[in-house]
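Q: Please give me a close account of one part of this model, the strand pairings, and follow them into the surrounding elements. I would like each residue placed in its context and the reasoning made explicit.

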Amino acid sequence: MFITPLSPTSPYAIQQYSGNPSVSNQKAHRQSLPTLTPQGTDEFSPRFSSEAQTAAVLPGSSAIKPLLGIFNPPEVKPYGRILGQYGGKSSGPLYIVVGGTHANELAGIKAFEQVLDELKTNNVAFDGKLVGLVGNLSGVNKNLGKAVPQRCEDRDLNRGWNTENIAKLKDAEKSGRLNTLNAEDTETLALLNQFEALKADHVQNNPKQPIYLLDMHTTSSAGAPQLLTSKPVWQLRDMPLPTFPKHHKVFNHMMYPYLQDKLGFNAMIVEAGQHKDKKSVKTAKAALWLAMELGGAVDKNSFDYKAEYQHLKSQTPPELLKVYDTKHLEKITDPTGFKPLLQSKANMVPVQPGQVVAKDGDRLLKIPESLTQPAYLLMMNRQHPQTIKKYDEAYTVAVATS
Ligand SMILES: [Zn+2]
């Protein structure tokens, strides 16, 4: 009998692991210590225990049991909110890395784990502190082992960061009505409380040192990585990423502008590449190393600066390494009738005013006629049709300013 090794894409894995890996008690995970040990060689393999993986591929082992209907699913280790931390012994900036804000985007989590491992292995001197967090903790844990991981449970966690909504969530917490909140409202509150606690601790010990927040994302389309930040702190030549300082103006209430405005963080999103491309982890890692060096936490000689810089720079064609103004956001009104029409599947594509770029049911979606500078279509939605919801973003359009 041929026995198929378990993999996240096997139909068997879908059937067996689609359940929630026991994350019902969110509070227990929020402050839990890191339990992470990357398993397997695939960057995006689910966190099955190594015994279970071994058993699954050995002929005559328990892998045969599922076929007989008496199989016990292997242990899946859920993430805790805090992935790990480093430094904190000498004064310097605080770096907060968030991975999995969108629950299907794990590159940032893997990148943080790998950088943390390298820092520890090489005992790298660190001025300040580095902390890694899981963004959508509940969503990420529910996705473990799923063939089609979901971006969120009830709503996009990278939206709803505005004064009114946050006040509503804080009020629900104060008056003991947490059970009335949906999944992402609960996550927003937990994350915000975590950010505030980290800031309070940092300010007490390092009142004059900045806080950097890197919210690590990936995209469904491939191509150049991007840096979204409402207040750029680094030059393009030092952090070689196409930079979008006005992106948040077309999107409603993303996390980073809120944290920039209300908590004074130097907050940014790094879009590190395509969801399942292993290179995305490398790109997120490179951005984190460069950020730590630029903020003065680590010395250029304490890691392979040249390799990290070269990797990051090499991910963007030279003609795209610019600062952009984001001008337009198009939304999907007919998820099952949405169809990208652009030949290129890259996440940044030069386009012409008036050009038809997608179909949204009966609507033909065009680049605004009014644009006069060189225009680029960003992040065409190429998600799995099952994961697209009404009013999800179809794409954005930006113009180059430098
Ligand atoms: Zn994302």
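**Strand pairings and their surroundings**

A: In strand β13, L377 has V349 standing opposite. The model is a predicted one. V349 belongs to this picture through strand β10 (residues 348-351), which pairs with β13 in the antiparallel sense over four bridges. β13 is also paired with strand β14 (residues 393-400), again antiparallel and over four bridges. Here L377 has V397 of β14 as its bridge partner. L377 thus takes part in both pairings, facing V349 and V397.

The side chains of β13 (residues 375-378) alternate: A375 and L377 point one way, Y376 and L378 point the other way, and all of them are buried.

A separate sheet is open and built from three strands in the order β9-β11-β12, with antiparallel pairing. Its edges are β9 (338-340) and β12 (363-366); each has a single partner strand, so one side of each is left without a neighbour in the sheet. On average, neighbouring strands of this sheet are turned by 25 degrees against each other, direction ignored. Four bridges join strand β11 (residues 356-360) to β12 in the antiparallel sense, and K359 stands opposite L364 in β12.

Parallel pairing is found around strand β4 (residues 211-219). Nine of its nine residues are buried, so β4 is largely enclosed by the rest of the structure. Both of its faces are covered. On one side lie I211, L213, D215, H217 and T219, on the other Y212, L214, M216 and T218, all of them buried. Strand β2 (residues 90-99) pairs with β4 in the parallel sense over six bridges, and V98 stands opposite D215 in β4. β4 also runs parallel to strand β7 (residues 266-274), to which seven bridges join it. In that pairing M268 of β7 is the bridge partner of L214.

Within β7, I269 deserves separate attention. Why is I269 classed as buried? A residue needs 20 or more other C-beta atoms within 10 Å to be buried, and I269 has 25, so I269 qualifies. Leaving aside neighbours within four places in sequence, I269 is in contact with D215, H217, L228 and Y256. D215 and H217 are themselves buried residues of β4. L228 is 41 residues from I269 along the chain, yet their C-alpha atoms are separated by 5.0 Å.

Turning to the helices, the axes of α7 (residues 163-174) and α8 (residues 183-205) come within 10 Å and cross at roughly 85 degrees. The two helices are therefore roughly perpendicular to each other. I166, L169 and E173 of α7 make the contact with D185, T188, L189 and L192 of α8. These contact residues divide into four nonpolar, one polar and two charged. An α-helix has 3.6 residues a turn, so residues three or four places apart point the same way.

The length of α7 can be checked as well. At 1.5 Å a residue, its 12 residues should span 16 Å, and the end C-alpha atoms are 16 Å apart, which agrees. Just after α7, G176 takes a positive phi of about 70 degrees.

Definitions and conventions: Residues are numbered from 1 along each chain as its sequence is written. This is a predicted model: local features need pLDDT of at least 70, side-chain atom pairs count only at pLDDT 80 or more; totals for chains, interfaces and linings use all residues. A residue is buried if 20 or more other C-beta atoms lie within 10 Å of its own, exposed if 12 or fewer, and partly exposed in between; C-beta atoms are placed from the backbone. Two strands pair if DSSP finds at least two bridges between them. Axes are lines fitted to C-alpha atoms, for helices over the stretch in contact, and angles run from 0 to 180 degrees between N-to-C directions. Angles under 35 degrees count as roughly parallel, over 145 as roughly antiparallel, 65 to 115 as roughly perpendicular and the rest as oblique. Two residues are in contact if their C-beta atoms, placed from the backbone, lie within 7 Å. Ala, Val, Leu, Ile, Met, Phe, Trp, Tyr, Cys and Pro count as nonpolar, Asp, Glu, Lys and Arg as charged, and the others, Gly among them, as polar. The expected span of a helix is 1.5 Å times one less than its number of residues.
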